[in-house]
Amino acid sequence: MSIGELLSVLFYFCGIISIMLGCYSLHIDTKGKLNRTFLALCVSLSVWAFGFSMAVNAADMSGCLFWRRISAFGWGSMYSILLHFSLILTKKDGLFKKWWTHMLIYTPAAITIYVFAISNSMALQQYNFVRTSFGWANISGNNGWDWFFNIYYISFMLTALGVIWKSDWNSYSASLKNKDNSIMLSFLIAFILGTVTDIIFNSVCSIDIPQIAPIIILLPIIVIYYTIIRYGLMNPKHVSEGEVILNESARAKVYAYISLTYVAGSFLTYFVQYLHYGDLLHPLYTSAFIFILGIVIYFLKVIKIGEYSKDILLVIIISITIPSITFIFIEFGSVTVWAFSFLFIVIALLFNKAVVLTSIAISTLSTQVLVWILNPEVRLVLDKADYLGRIGILCITMWLAFYVNKVYIKRLSQHAEQLSLQTFISEISSDFINVNQLNIDEKMNWVIRILGKLFSIDQINILLLDINQYTVEYSNIWGVKGESAGKNYKYNVKMDYVSWLIDQLISYESVYIPDVETLPEAVDDVKNEFKTRQIRSVVSIPIAEKEKTIRILEFAFVSATKKWQDEELRTLKIIANIFADGLRKVEVENEISYMAYHDHLTGLANRRLFRDRLSQAIALAKRTEKMVGVIFIDLDSFKTINDTLGHEGGDVLLKVISEKLSNSVRQSDTVSRFGADKFLVMINNLSYERDIISMIENMMLILNQPLVVDGQEFNLTTSAGIAMYPFDGTETDSLIKNADIALYKAKEKGKNQYVLCSSALKDEIMNKIKITNNLYRALEREEFYLTYQPQIDLTTGKIIGLEALIRWNHPELGFVSPAVFIPFAEQAGLISKIGEWVLSTACEQNKKWQTEGHPPICVAVNVSAKQLRNPDFVAQVKNILETSGLDPRYLEVEITESAAMSETNDIIKYLSDIRKLGVMISIDDFGTDYSSLSRLKELPIDKIKIDKQFIDSIEEREKDKAIVRTIINLAKNLDLKVIAEGVENENQLQFLKQELCDEVQGYYYYMPMTAQDIERIL
């Protein structure tokens, strides 16, 4: 074979491989844009390669020109499609929504195809063919159109490389990077090699060698196929088990039949060649080659690789076999041998993957085309060898056809059985929708009878296995005669049997023994247990489970062993699950009837039952003119005990307390668990209020006694609130609510006590609730506003600062004092939100005054301990300063002495962070708490504010004078400024001046004023 012929064959197989890979990509996802574009890329390469295959070894120049023009359709469109593919691969296909994108990408391809392929006048001028030892070669004329194509090729390849490189750079996934790197590297190698061989050698150096770019371009095509297999590119679709024609056992048989076909073919080939050549040695090589391939296929079924890999190896072997055997008889035009390809086509029908049939079809057709090219005309005489070959091929084909027909018939039968089972399961599922306690036995017996007949089962048992008592109770037995035996009996089993059965159920969720005799000796007790019951084959599936018992559905064979199919076992499991759902539904119904009126943990009456009984007691009390008492009990510090014991220990404690409460009341009374650690007690038929007081005191005495749980002793206290019918309400809800109000007051007073509800108490609590509820909407309704009280420098007498004070004017409640609503805001968790508003409003107002030309002064804002402990508070202050544009030195943060003296180091850190912003810090109400001097010196503060209570009494009490004098001296020694608040007369002012106090504020100078009033005095 000459080099030209070799190149022709290489180009031909390059085209075949590319079209096979393109078809495969479309097969795995027919709707994917990337798959379709990859197919177009493979088709263009295939046209290019096939044209070169015919042109390089053409008989004359006109034939070469014709095929080169055909190939131009491939290489002319190749690089536009390649760039299109790269954009889709890197998720940039959104560009194609614009109409001009397609035009921009495909216009160079259209021009190239027109110039080099379609136009007769222009195409003839583009080619300069030279006959070389490598076949026909085209030497570039380096005209304008050659340079146009070179620019088109280089620019589009570089753009595609850049697009992929950029995508790889921005990728965070290792697998995506590996995929992109592989594709980009293959594109780069193909670009460099293609440029060297087809442009530099051809256009620049004018070396007379054929252009081999199609073979080079095959490299990135193969790499893309590799990424499909390795990284799941182009989303290969998954085939469900129901779509597969061959299961595992059938697949192994198919491999065995194909192997036998090769072995038979090896003998047939030997005899046919021997009859042709009359030589014993020459046919032996061909026969041995086919025989070895058959052995390889046989061992494919046992090697440990995936089914997909096995199928690919099989396709490769068959694809090699078809041209190999055909070319052995090519001198005769393969006149008879060509038909053997139908053997593999018949076998390919069994495979679920179209790639098998497609590959065989392409290999067969391409082989015949190549035979036509290499040996276009042959004259033959048919002899006995040809007839023997035909008969042999027909026999093998019919043998395989019968096997394929058998596989299809068996698969259809299995599908029919599956459909019947699915219909049966659907009927059961529909019927069990309405299952209840009255009809569940009837429905389960109906299913058992059908299963017994459908699978010819000897016995169907429902076992109740007691894992503590080692007993088994049988019921609902399907007998050997095909009728429900209706037997129910109970007997003891050995511990080994129970342990083995539980292990099997845990490991496999079922027990399947096709033959009891095959059980290992290690479980002889289990084997003997089954033999005692005359069971030879069994399937056991759990259908219900409790703490000590397991309910099992058992299918047993006593007359013979039974090997169940996977689909049949799945059906049994589905039915067992339906039974389990039905039994669970019935159990739930039984539990619901109890749980609807009782607490699931303690067994006490729940809220619903308590309300019902309280309503009945109220109705009775109306007739008898008696009283009814409702006691709301809460366990003090139960959470702490629960955290110590854990939830399980806490539950035990609740059960003990429930029992004690139940024992402390009369049988006609009712104890209810109302919440986690809250209980309601109804005492009816009372004549005097003192009766219920004696009962609650007795209850608290009992509950205060030490309790022992898990070896630990606990002392528990309780708080209680009491409401009485008819004084505190005449309806169920009002009595419970008022008892809860009384309980709240008891806990507020210090816990471990009881409180009787009263009108004053109800009014107090309701007022608190009203204020708290209105606080939630106060900011939204703009009911808050700020007043500012000036701070005076005692040396100059000038205003040097302001303290921002929040006020609340409610449309219904009127003016609400901060002393009232601030504690409620802290309890409700609203203080941070309100504090942020105060801080923001004060900063914005201060900045506004400065913008209007007023002299800059510092504004002090009170900050609660909860605000200060918020990790985001410092960032919040910084953001408010930046938003308002206020210089930080004109903001002062006031914190209470108790917050400043907190032992947590976080307070110092937060204050330091605020100080770093440039904000001043002062301690408010200094002297009212227990200050530590060592702690005080560590705090990053600027000022101390003396509390008003010391200023009020400095005229009458020498001790207060001494305290104020001491605080001022302490501040001076610590290099801190000191301000006194609440200065209301001249004597107070003169004393503070005499003691060198720095600043004062109070009614002596100014009351708190609105922002507008402040503007007039600044």
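The exercises below, each with a worked solution, concern a predicted model.

**Exercise 1. Overall make-up**

State how many helices and strands the chain has, what share of its residues is buried, and what share of its contacts joins residues at least 24 apart.

Solution. Begin with the secondary structure: the chain has 34 helices and 24 strands. Next take burial: of the 1018 residues in the chain, 48% are buried. Last, consider contacts between residues at least 6 apart in sequence; 67% of these join residues at least 24 apart.

**Exercise 2. An aromatic pair in helix α6**

Classify the ring pair Phe149 and Tyr153 as stacked, tilted or edge-to-face, and describe where the two residues sit in helix α6.

Solution. The chain holds 31 aromatic pairs. For Phe149 and Tyr153, the ring centres are 6.4 Å apart and the planes meet at 15°. Centres must lie within 6.5 Å for a pair, and planes under 30 degrees apart count as stacked. The pair is therefore stacked. Both residues belong to helix α6 (residues 144-169), where they are 4 residues apart, which means a separation of about one helical turn. In general, an α-helix has 3.6 residues a turn, so residues three or four places apart point the same way. As for burial, Phe149 has 15% relative accessibility and counts as buried. Tyr153, at 4%, is also buried.

**Exercise 3. Charges over rings**

Identify which ring lies under Lys562 and which under the charged end of Arg690.

Solution. Lys562 lies over the face of Trp564, 5.0 Å from the ring centre. For Arg690, the ring is that of Tyr688, and the charged end sits 4.3 Å from its centre.

**Exercise 4. The span and bend of helix α3**

Check the end-to-end distance of helix α3 (residues 61-89) against the expected span, then locate its kink.

Solution. Helix α3 has 29 residues, and at 1.5 Å a residue it should span 42 Å. The C-alpha atoms at its ends are 41 Å apart, so the two values agree. The helix nevertheless has a kink of about 40°, centred on Met78. Turning to its surroundings, 23 of the 29 residues are buried, and α3 is mostly covered. After α3 comes Lys91, with a positive phi near 60°.

**Exercise 5. The surroundings of Glu803**

Is Glu803 buried or exposed, and which side chain makes a polar contact with its own?

Solution. Glu803 is found in strand β17 (residues 799-810). Its relative accessibility is 4%; buried means under 20%, so Glu803 counts as buried. A polar contact of 3.0 Å links its side chain to that of Lys945. Beyond four places in sequence, the residues touching Glu803 include Thr787, Tyr788, Asn862, Glu894, Lys945 and Gln1001.

**Exercise 6. Two helix residues compared**

For Lys527 and Asn773, give the helix, the burial class and a residue separated in sequence whose C-alpha distance is known.

Solution. Lys527 lies in helix α17 (residues 524-532). At 11% relative accessibility it counts as buried. Tyr497 is 30 residues from Lys527 in sequence, with 8.9 Å between their C-alpha atoms. Apart from neighbours within four places in sequence, Lys527 contacts Val516, Glu517 and Leu519.

Asn773 lies in helix α23 (residues 759-778). Its relative accessible area is 47%, and Asn773 is partly exposed. Ala828 is 55 residues from Asn773 along the chain, and 9.2 Å separates their C-alpha atoms.

Technical notes
Residues numbered from 1 in each chain as written. Predicted model: local features only at pLDDT ≥ 70, side-chain atom pairs only at ≥ 80, totals over all residues. Heavy atoms only, no water. Phe/Tyr/Trp six-rings, centres within 6.5 Å; stacked < 30°, edge-to-face > 60°. Buried < 20%, exposed > 50% of the residue type's maximum accessible area, 1.4 Å probe, protein only. Lys NZ or Arg CZ within 6 Å of the ring centre and 35° of its normal. Expected span 1.5 Å × (residues − 1). Bend = angle between axes of the 7 residues up to and from the residue. Polar contact = N/O pair within 3.5 Å; in protein donor to acceptor, adjacent residues only side chain to side chain. Contact = heavy atoms within 4.5 Å.
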